[in-house]
Every structure is written in C-alpha cells, then in structure tokens.
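Here is a casual walk through a structure, written for someone who likes to poke at coordinates. Have the viewer open and follow along.

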Amino acid sequence: MSYLTEGFTLRSWLTTRDHKRIAVLYMIAITAFFFVGGAAAALIRLELATPAGDLVSAETYNKLFTIHGVVMVWFFLIPSIPSVLGNFLVPIMIGARDMAFPRLNLASWYIYVLGGLFTLAALIAGGVDTGWTFYTPLSTQFAEGNVILVIVGVFIVGFSSILTGLNVIVTVHRLRAPGLTWFRLPLFIWAHYATALILLLATPVLAMTLTLVALERVFGIGIFDPALGGDPLLFQHLFWFYSHPAVYIMVLPAMGVASEIIPCFARRPVFGYRFMAYAILGIATIGFLVWGHHMFVSGQSMYAGMVFSMLSFLVAIPSAIKVFNWTATLYKGSIVFTAPMLYALGFVGLFMIGGLTGLYLASLALDVHLTDTYFVIAHFHYIMVGGSVMAYLGAIHFWWPKISGRLYPEMLARIAALTIFFGFNLTFFPQYLLGWLGMPRRYHEYPPEFQVLNLLSSAGAAVLAIGYLLPLCYLGWSIFYGKKAPPNPWGATGLEWQTASPPPQHNFEDPPRVTRAPYDYA
Amino acid sequence: MWAFLATEVLFFGPLFFGYVHGRAFQPEAFASASHHMHVVLGTLNTAILLTSSFTMALGLRASQTDRSPRLWLWLTVLLGLAFLGIKGYEYTSEWSEAASAAGGEARFYFLYYATTGLHAVHLAIGIAIVSWLALRARREMPIEVTGLYWHFIDIVWVFLYPMFYLLERYG
Ligand code: HEM
Ligand SMILES: [Cu+2]
C-alpha cells in the first residue's frame, strides 16, 4: 500500500495531510503556472524576432514581461524545488513520518492557489505593466491596469512561502531520526533549512512593502511617491532587501539538489561536506547584505555603492567554494551520464557563468554601462533558468521513481536534457552580447543592427520550448506505462532510498536509525 | 514560535523603516503632527498593555504550579479590550485631523494608522486566543506560546508609543 493508493478520489487528494500528496498537488499547480509564464515568454521572443514593434503594442509588451516575471518568480521558481521536492523529501530524508505541521502544509497549498487566482484574475482583467519590480511612483501613480490585484496575489502567495518555511524549520529541528545529527544531514536538507530561514525573514518585508504600495495607490498618501513627499529610494531599498535574498531562495535548493545527484552518479562522497554546509549558511547570511547592488545607479550614496559592491564580491566566495567542491567530487569518480546527472552538470556550468557575470555587474563602473541592458537579463536567466530550472528538472528525474513508482525512458530523457541545454544557451548567450553592445531591456522594438543576435535568441527559445515539452510528455506517459521502479534504482545512499517506491503513507515501515555520515559511496 | 516571531518583526519592519525615513527627512511635519496625538491616552494605554503582560505571566505561572489560570487569563482579555476601546476612541477623534492633513503630516498619520492598526489587529487575534484558552482552561495548553505572542505584541507597542507620541514632542 503506497501513498498513491491510499485513496483515489479527488477529495482524498484535496483534503490530504500527507506531505507527499501535497508535494504532488504543488507539482501540478506550478507546472500550470510554468506554462502560463512560458506562453508570455514565447510572445516576448516572437515580438523581438524583428526590430519593428509589429506583433504587439508597447503597452501589451509591458504587460507580457510583467506577467512573465511575476508568474515565473513567485508562482513557479520560488515554490518549485522547496514546495515540490522539499515537501516530498525533507521528512523522508530525515526519517520522519510527515512534516511538523501537516495541516499548515495543506493550508499553504491553498494559500498558494488563492494567490495564483488573484494574479490570473488580474491577467484576465487586462494585465499590469509595472514590471515584476513594481517600482514607485510608476506602480502607485502612473501604471494602468490591475496593480492592486497583482499585489494582493503576491502578498497572499508570500504567506504560503512563510508557512512552508516555518514548517521546514520546525521539522528539521524536531523530527530528525535517532542518530541523525546536524552534520549527518544531507546537503539537500541544509539547503532547504537555509532557504526556509530566508523565506521566513525576507518575505514579510515584501508583504508589508507591497501593502504600502497598494495603500499609497488607493489613498494617495506619500510614502514612496516624491510628488507627495515620499521617497522612491525607500521603496527600492525595501524591495531589494527582500528580492536579493529571494534570488537565493531560488538557487540554494538547486544547490542542494546538485549535491545529491553529483555524488550519486560520480560514486564518490561529496567533497568537503562541512565546507558545503557552511557555504550554504554563508550565502544565506551575506545574501541579506548585498541588496544595494541593484541600486548602483539609483542615486544612493557612492560610499553605500562601494560597500554593496564589496559585499557582493564576498558572496561569490561561498558560491565558488561550492562549484570547486562539486568539481572535486567528480575528480576520479566513475561518472555515469544519466539524465539527472546531465541536468546537474548543466546546473553547475550555467550557474558558474551566471555567477561570474554577476561579478561584472557588481563592479560599480561596469554596472553603469550594463545596468538595464540585456546583460542583466542574461545574467539572471543563466542563474535562474540555466541553474535553478535545470536543477529542478534534474531533481524531478532523479526522484521520479520515488514519487511515481515508475522509471522514465532514459534515452528520451537524455535527449531532452541536451535539447534544453543547447536551447538555453542559444537563447541567452546572445543576450550577453546584446547587453554588452548596449541594447536596453524592456523595449518592444530595437535598432536593426541587433537583429541577428535577437533572431538567434528567439530561435533558441523555440528549441527550449520543445525541450521543456518533452519531459511533460514522457513523464506523463511513464506514470501509466513506465517500468515499475525498485526502491533504489540508482544505488544511492540516503534514507529516501531505503523505503519502497513509492513510499507508504507514513514513509517507513520501521522508523530508521542513522549510524553513518551521508554520501557513503565508495 | 521564535521563528514565527522573527517573521512578525520583519513584517513590521518596513513600517518602522518608513517612519525612520520620514523622521529623518521631514522632521518638522512629523513633529507638528505628533503634537496632535493624545499623549495621556497613549500613556494610559501603555500602562494597560504592560499590566496585561503581567497578568498573562501570572496566568502562565498559575498553570505551571497547578492552579487555575482562568482568572488571570480573563483579566488579560479585559485589559486587551480596554486597550482597543481607548485606541478606537483615539482613532475616531483624530480622524478629522488626519483626513485634512497634507504632505509630511499626512504621511505621519498614514504610518500611524497603518502601524498601530496592524498592531491592533494582532492584539485582537491575541485576545481571541487568550479567551479561547480561558474558556477551556485545561492543563496541557499552549499558554506559554500564547504568552510569548502576547508579550511580543506588548513589546511592539513599547516601540510604537515613543515613536508616535513622545519622540517628536520632546525630541
Ligand atoms: C555571485 C553572486 C551574484 C552577484 C554578485 C550578482 C550580482 C548582480 C547585480 C550587481 C545585479 C544588478 C544589475 C543591474 O541591475 O544593473 C544583479 C541583478 C540580478 N540578479 Fe544577480 N548576482 C548574483 C547572483 C544571483 C543569483 C543567485 C540570482 C538568482 C537566482 C540572481 C538574480 C538576479 C536578478 C533576478 C537580477 C535582476 C533583477 C532586475 O533588475 O529585474 N543573481 N545581480
Ligand atoms: Cu541581487
């Protein structure tokens, strides 16, 4: 009897308190949002295939990139790994029967859906054109459309994040199996623990800041709008105080995933385990201190800029430690290039490029040239799409046998992984060049000399789209026709592989005991 | 619970930040608006809330020493309600002033209403929980956790009180 066969009615799913079923609910919901955000992206790239702004009007274009950003950041990427794989795996990896607060867990899914409905309502009612950053006074005075609806949506979904964070923290503190000391935790757990801390400490700031924007818009009182005696820089500080840590919400779980997959398919214990754990905590901490690098040209003081620049360089150190340690883990390993491994290696490489170009942007003088160009777009897409989405897909493949109880078709999966890697680079590498040449972001038309690179990018987007549709098809197929998975198809260590695939409702027949360090490959 | 309180602190954060910013850049407006606050009522309320924290603590102590915490819990609820009542009176009597204010003063009032309003909502939730505890006062109850929450609300007010009532007047 597995968790999947505990009941087949819709009701049994919608009222479940089983963390594994909630994870599946999340997976379905965020996949839907991924394709909403993807559709907007497809239209954006279609418009940019030609220099003239001919496909959509400037207003529509603004709405497209806004909805793309809002949906991808808050409704896909932030909940992706933590709420799907974190939800599924955190209790199993620590040998617990469930999360600490199962009802709260289900509630956070409903809150997520409610927030999503508000955002979709805004989309149907005509969209918003502020960009995902909601800069004031644009968002409070000038923007047309349904700013309030979207803000309410993001506000609500924030509480879903906070509750998930709370749940993970308490679970990791209270429910570890006997013998599972902190330094025997898989790095996946460390990463989720740090992510949960950020969720808990950063998200409320966003919630209140957006509330102030909404109130200012409704009552016309100047908190952020200079015409009313407010200060737009105040908004930017508050927004980025959340949003820079938020980028680590999006990437730390991905690092956790890579730290599970790479040792498994290199058949070597992860190199420098403690350093990896400390690096995660280091990134989470320093990540709170660098928000000003988004504001170098905003008019903040030059000295503040210098400090933020330096701190941004500092945050690259723990990130680099992680890249070096993954590489060292591979060294002399007997590497098997399965689909999850391809995704994980793709993650490391693309994350590295994204991180290094982050250092370009963190250099004050260079940033004056590069800010608000396609270079910035390429930078964060390398990390968020090349890094986090790759890792998310890698994780879905790696744990698919555990989640669904079925094996996916390996050859097809490898083809899809390579298609995505190729499509991704074709889409976003030209954007580095475009930004370097000075093409600004957020315009729906551009001078003809940029067309070749833009066309390459749009072609890449088409390849990428096919790459993303492939797993949807064959994973769906495998649910019904895939081979039944054994408990441990990869020969991996970790408690989740010691129970059946798919696991029973309370995860383990007998509560496990832990006697050894993680990554006991040799 | 501590994790939850940490979230709460950061939830109030932007409001405090907005206030500090306003005070730094529009000191005169903030000072003059602050003069319209009811200092006496504010002080009275501070005393009420501090007392309620005390009764809450006594309730916890009672439950730990096997006596009934009921009386203390009801007293806490009563004090909380008194606070809200006075606050409500303040709100209505300041409203006309606030509605006609402009510029920096409007900003002061806006932050005042938003921050103390959020605080009042928290207090109302606190009152509901404590009444629930008092109604079904049994042994293994989350009194300690509720107490933490209550003291948290209290501490927030201890910051709000000087911010809005005192600093500009005497600062
Ligand atoms: C090595 C660490 C990193 C450094 C030094 C860094 C640096 C920067 C800088 C300086 C900017 C501002 C560029 C500008 O607006 O002119 C920026 C933008 C951005 N970065 Fe990073 N970054 C790093 C890692 C990340 C990570 C891990 C993510 C996401 C997972 C990320 C996502 C973003 C996003 C979304 C923006 C653009 C926001 C916007 O304006 O819409 N960055 N980065
Ligand atoms: Cu940043």
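## The iron site

In which helix of chain A is His379(A) found? His379(A) sits in helix 13 of chain A, which covers residues 374-404. Keep in mind that this is a predicted model, and every distance and angle below is computed from it.

His379(A) is worth finding on screen, since its NE2 atom is the single protein donor to the iron atom of ligand 1, at 2.1 Å. From that iron atom to the copper ion (ligand 2) it is 4.3 Å.

## The copper site

Which atoms hold the copper ion (ligand 2)? Three histidines of chain A do the job: His244(A) through ND1, and His293(A) and His294(A) each through NE2, at 1.7 to 2.0 Å. Along the sequence, the spacing of these donor residues reads H-x48-H-H. The pair of His244(A) and His293(A) ties together distant parts of the chain, 49 residues apart. His244(A) belongs to helix 8 (residues 232-266) of chain A, whereas His293(A) lies in the loop between helix 9 (273-286) and helix 10 (302-330).

Are His244(A) and His293(A) buried or exposed? His244(A) is buried, and His293(A) is buried as well.

## Helix 4 of chain A

Now move to helix 4 of chain A, residues 102-124. With 23 residues, helix 4 reaches 33 Å from its first C-alpha to its last, close to the 33 Å expected at 1.5 Å a residue. Just after the helix, Gly126(A) takes a positive phi of about 130°.

The buried residues of helix 4 include Asn105(A), Leu106(A), Ser108(A), Trp109(A) and Tyr112(A). Further along helix 4, Gly115(A), Gly116(A), Thr119(A) and Ala122(A) are buried too. What do these buried residues pack against? Their partners are helix 1 (10-14), helix 2 (19-47), helix 3 (58-93) and helix 6 (147-174) of chain A. For reading such a list, it helps that an α-helix has 3.6 residues a turn, so residues three or four places apart point the same way.

## Backbone oddities in chain A

If you run a Ramachandran check, two residues of chain A deserve a look. Arg267(A) has a positive phi of about 55° although it is not a glycine, and Arg267(A) lies in the loop between helix 8 and helix 9. Tyr519(A) also has a positive phi, about 60°, without being a glycine; Tyr519(A) lies in the segment after helix 15.

How do their surroundings compare? Arg267(A) has a relative accessible area of 32%, so it counts as partly exposed. Tyr519(A) has a relative accessible area of 5%, so it counts as buried.

There is a cis peptide to note as well: the bond joining Ser501(A) and Pro502(A) has an omega of about -15°. Pro502(A) is found in the segment after helix 15 (451-481) of chain A.

## Chain B on its own

How many helices and strands does chain B have? The tally is six helices and zero strands, so to speak a plain α-α-α-α-α-α along the sequence. The C-alpha atoms of chain B fill a box of roughly 55 × 30 × 25 Å along the principal axes. Of the 171 residues in chain B, 51% are buried. Take the contacts in chain B between residues at least 6 apart in sequence: 84% of them join residues at least 24 apart.

Helix 3 of chain B, residues 39-64, makes a handy geometry check. Its 26 residues should span 38 Å at 1.5 Å a residue, and the end C-alpha atoms are 38 Å apart, which agrees. Just after helix 3 of chain B, Asp66(B) takes a positive phi of about 65°.

## Where the chains meet

The contact takes 18 residues from chain B and 25 residues from chain A. Between them the two chains bury about 1,800 Å², with 82% of it on carbon and sulfur atoms. Helix 1 (2-25) and helix 5 (103-135) of chain B each supply at least two residues of the side that touches chain A. Helix 1 of chain B gives the most to that side, with 11 residues.

How many salt bridges link chain B and chain A? The count is zero. Residue pairs in polar contact between chain B and chain A, with both at pLDDT 80 or more, also come to zero.

Conventions: Residues numbered from 1 in each chain as written. Chains lettered and ligands numbered in written order. Predicted model: local features only at pLDDT ≥ 70, side-chain atom pairs only at ≥ 80, totals over all residues. Heavy atoms only, no water. Helix = DSSP H or I, 4+ residues; strand = E, 2+ residues; numbered from the N terminus. Expected span 1.5 Å × (residues − 1). Buried < 20%, exposed > 50% of the residue type's maximum accessible area, 1.4 Å probe, protein only. Contact = heavy atoms within 4.5 Å. Donors = N, O, S within 2.8 Å, 3.2 Å for Na, K, Ca; no water. Buried area = accessible area lost by both parts, 1.4 Å probe. Salt bridge = Lys/Arg side-chain N within 4 Å of Asp/Glu carboxyl O. Polar contact = N/O pair within 3.5 Å; in protein donor to acceptor, adjacent residues only side chain to side chain.
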